[in-house]
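Here are some short questions on a protein model, each with a reasoned reply. Look over the sequence and coordinates first.

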Amino acid sequence: MSAPQFTPGPWHVAADTLIRDSDGRAVGTARLRVSGCEEQEANARLIAAAPELYAVAVEVAKRPCEMVRNGHCTMIPCERECLPCAARSALAKARGEGVPH
């Protein structure tokens, strides 16, 4: 597992769609060309929650696969049914890695 390379949290929404870190530095924005203001603000809140969501996913991913029977996963892909496997898959996506099996 690689170390996170994103700006450490916490992040917060400033100016409706601008996301800033705890030092006030901009880390992103949620501006869309065709979307309404409410959707942009909701996207900004979701992005601002990313560091906390990442930390929760790391903890959930530490749990063993829930679909293992007799030492083997009973579902491929099991991330549709298994929370720890779904967390590992989401973390791989966040890190730019391939999907784990």
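Q: What does Val-60 touch, not counting residues up to four places away in sequence?
A: This is a predicted model. Contact here needs heavy atoms within 4.5 Å. With residues up to four places away left out, the partners of Val-60 are Leu-83, Pro-84 and Ala-87.

Q: Which helix gives the most to the largest nonpolar core?
A: The largest nonpolar core has 7 residues: Tyr-54, Ala-57, Val-58, Val-60, Ala-61, Ala-87 and Leu-91. Helix 2 (50-61) and helix 3 (83-95) each supply at least two of them. The top contributor, with 5 residues, is helix 2.

Q: How many residues are in the other core, the one that includes Trp-11 and Ile-19?
A: This core lies apart from the largest one. Ala-30 and Ala-44 are also among its members. Its residue count is 5.

Q: Is Ser-22 buried or exposed?
A: Ser-22 sits in the loop between strand 2 (18-21) and strand 3 (26-29). Its relative accessible area is 53%. The cut-off for exposed is over 50%, so Ser-22 is exposed.

Q: How far apart in space are Ser-22 and Pro-8, C-alpha to C-alpha?
A: In sequence, Ser-22 and Pro-8 are 14 residues apart. In space, C-alpha to C-alpha, their separation is 8.6 Å.

Q: Where in the chain is confidence lowest?
A: The chain averages a pLDDT of 81, and 77% of the residues score at least 70. Confidence is highest in helix 2, at 94. The lowest mean, 62, belongs to residues 72-73, which form strand 5.

Methods. Residues are numbered from 1 along each chain as its sequence is written. This is a predicted model: local features need pLDDT of at least 70, side-chain atom pairs count only at pLDDT 80 or more; totals for chains, interfaces and linings use all residues. Side-chain values use heavy atoms; hydrogens and water are left out. A nonpolar core is a set of buried Ala, Val, Leu, Ile, Met, Phe, Trp, Tyr and Cys residues joined through side-chain atoms within 4.5 Å. Buried means under 20% relative accessible area, exposed over 50%, partly exposed in between (1.4 Å probe, protein chains only). Helices (H or I, at least four residues) and strands (E, at least two) are DSSP runs, numbered from the N terminus. pLDDT is the predictor's confidence in each residue, from 0 to 100.
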